[in-house]
Amino acid sequence: MDGIETIKHIRGVAGNDIPIIVITAYDFSEIVDRAAEVGVSMFIAKPLFQSSLFNLLANICGRPNTDKIRKSSVAFDGGGARVLLAEDNVMNMEIAKEILESANLVVDCAWNGQEAVEKFEDSRVGTYKAILMDVQMPVMDGHKATRAIRASIHPEGKTIPIIAMTADAFAENVAEAMESGMNDHISKPIDISVLFSTLRKYI
C-alpha cells in the first residue's frame with residue numbers, strides 16, 4: 001500500500017481534521033492532484049532540515065495562544081530575572097522560551113544536561129534565579145545534571161531552585177526528581193498557570 005492509498009484509509013478512520021503531511025524525496029508535483037483528493041494537508045521534501053520541519057509543524061500545530069499567555073503573565077512578573085532552561089527538543093524550547101519571556105524573564109538555553117551544568121558552573125553568583133530542567137536529554141539527563149549541580153563547588157549549587165519539566169508525571173517520576181535534588185515538578189505539555197504559580201515560589 002503506497003502513501004496515497006494509506007492516507008485515503010487513514011482519512012476514512014480519523015476524519016478530515018487531523019493534519020497529514022507527506023514526506024518525500026521525489027517531485028511531488030506529479031501526485032499533488034491525487035494527494036488533494038485523499039486529503040493531504042502539506043508536503044515536505046527530503047532531506048529534512050530542522051528549520052523547515054520546525055516551521056511546518058509550527059504552522060500546522062499553531063503557535064502558543066498569546067492572549068492566554070498575556071493574561072497569565074499579568075499574575076506573574078519575573079522582574080527581569082534570569083533563568084536557565086535545559087531542553088533538547090527545538091519546538092519545546094521555542095514554546096517554553098516564548099512563555100517565559102512573556103512574563104518578563106530572561107532565558108538562557110542549554111540543549112542537554114551537560115551544557116546546563118557547565119553554564120551554571122561558569123555563572124557568577126546571583127546570575128540565575130531558577131533552572132528549568134528537562135529530564136530526558138542526550139549527553140547527560142536531567143537527574144544526573146541536577147546531582148552534578150548539587151555536588152558542584154558553585155556557591156549556589158545546593159540552593160539554586162531546580163524545577164523538573166517532563167512528560168513523565170507519575171508519582172514515582174516526581175519522587176525520582178525530588179530524590180535527584182530537584183525542588184519541584186511541572187508536567188508537559190506545559191500548563192501556563194501551573195508554570196507561573198510554580199515560578200512564583202522561587203522568584
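**Exercise 1. An asparagine with an unusual backbone**

Which loop does Asn-104 lie in? Find its place in the chain, then look at its backbone and its accessibility.

*Solution.* Keep in mind that this is a predicted model.

- Step 1: Go to the stretch between α5 and β4; Asn-104 sits in that loop.
- Step 2: Check the backbone. Asn-104 isn't a glycine, yet its phi is positive, at about 65°.
- Step 3: Check the accessibility. Asn-104 comes out at 38%. Buried would need under 20% and exposed over 50%, so Asn-104 counts as partly exposed.

**Exercise 2. A valine to set beside it**

Val-139 also calls for a look at phi. Is Val-139 buried or exposed?

*Solution.*

- Step 1: Place the residue. Val-139 belongs to the loop between β5 and α7.
- Step 2: Read the backbone. Phi is positive here, about 70°, although Val-139 is not a glycine.
- Step 3: Read the surface. Val-139 has a relative accessible area of 71%, so it is exposed.

**Exercise 3. Building the sheet**

In what order do the five strands of the open sheet run? Start from β3 and work outwards.

*Solution.*

- Step 1: Take β3, residues 82-86, and pair it with β4, residues 106-110. The two run parallel and are joined by five bridges.
- Step 2: Pick out some partners across that pairing. Leu-84 has Asp-108 as its bridge partner in β4, and Ala-86 is opposite Ala-110.
- Step 3: Turn to β5, residues 130-134. Four bridges link β5 to β3, again in the parallel sense. Here Leu-85 faces Leu-132.
- Step 4: Put the whole sheet together. The order is β4-β3-β5-β6-β7, with parallel pairing, and the sheet is open.
- Step 5: Name the edges. β4 and β7 (184-187) each pair on one side only, which makes them the edge strands.
- Step 6: Add the twist, which averages 25° from one strand to the next.

**Exercise 4. What surrounds β3?**

Why can we call β3 largely enclosed by the rest of the structure? Then trace the path from β3 to β4, and see what packs on the sheet.

*Solution.*

- Step 1: Go through the five residues of β3. Four of them are buried, so the strand is largely enclosed by the rest of the structure.
- Step 2: Follow the chain out of β3. Together with helix α5 (residues 90-102) and β4, it makes a β-α-β unit, and that unit is right-handed.
- Step 3: Look for a helix on the sheet. Helix α7, residues 142-151, packs there and touches β5 and β6 (162-166). The direction of α7 makes about 150° with that of β5.

**Exercise 5. A pocket and a neighbouring set of contacts**

Which elements give two or more residues to the lining of the second largest pocket? After that, see what Val-38 touches.

*Solution.*

- Step 1: Start with the space itself: the second largest pocket holds about 190 Å³.
- Step 2: Go round the lining. Among the residues there are Asp-2, Gly-3, Ile-4, Thr-6, Ile-7, Ile-21, Val-22, Ile-23, Thr-24 and Arg-34.
- Step 3: Assign them to elements. α1 (3-14) and β1 (21-24) are the ones that give two or more residues to that lining.
- Step 4: Move to Val-38 in helix α2, residues 32-38. Its relative accessibility is 15%, so Val-38 counts as buried.
- Step 5: List the contacts of Val-38, leaving out residues up to four places away in sequence: Ile-4, Ile-7, Lys-8 and Arg-11.
- Step 6: Take Arg-11 as the test case. Val-38 and Arg-11 are 27 residues apart in sequence, but their C-alpha atoms are 7.4 Å apart.

**Exercise 6. Two single residues, then the whole chain**

Compare a serine in a loop with a lysine in a helix, and finish with the overall counts.

*Solution.*

- Step 1: Find Ser-123 in the loop between α6 (113-121) and β5. With a relative accessible area of 13%, Ser-123 is buried.
- Step 2: Skip the neighbours within four places in sequence, and Ser-123 is in contact with Tyr-128 and His-154.
- Step 3: Find Lys-201 in helix α9, residues 192-202. Its relative accessible area is 56%, so Lys-201 is exposed.
- Step 4: Check its distance to Pro-161. The two are 40 residues apart in sequence, and 9.5 Å apart from C-alpha to C-alpha.
- Step 5: Zoom out. The protein chain has nine helices and seven strands, and 40% of its 203 residues are buried.
- Step 6: Look at contacts between residues at least 6 apart in sequence: 61% of them join residues at least 24 apart.

Conventions:
Residues numbered from 1 in each chain as written. Predicted model: local features only at pLDDT ≥ 70, side-chain atom pairs only at ≥ 80, totals over all residues. Heavy atoms only, no water. Buried < 20%, exposed > 50% of the residue type's maximum accessible area, 1.4 Å probe, protein only. Pairing = 2+ DSSP bridges. Right-handed = clockwise from strand over helix to strand, strands pointing away. Axes fitted to C-alpha atoms, helices over the stretch in contact; angles between N-to-C directions. Contact = heavy atoms within 4.5 Å. 1 Å grid on protein atoms, 1.4 Å probe; cavity = no way out; pocket = protein on both sides within 12 Å on 5 of 7 lines; lining within 4 Å. Points joined across faces, edges and corners; volume = space filled by probe spheres on them.
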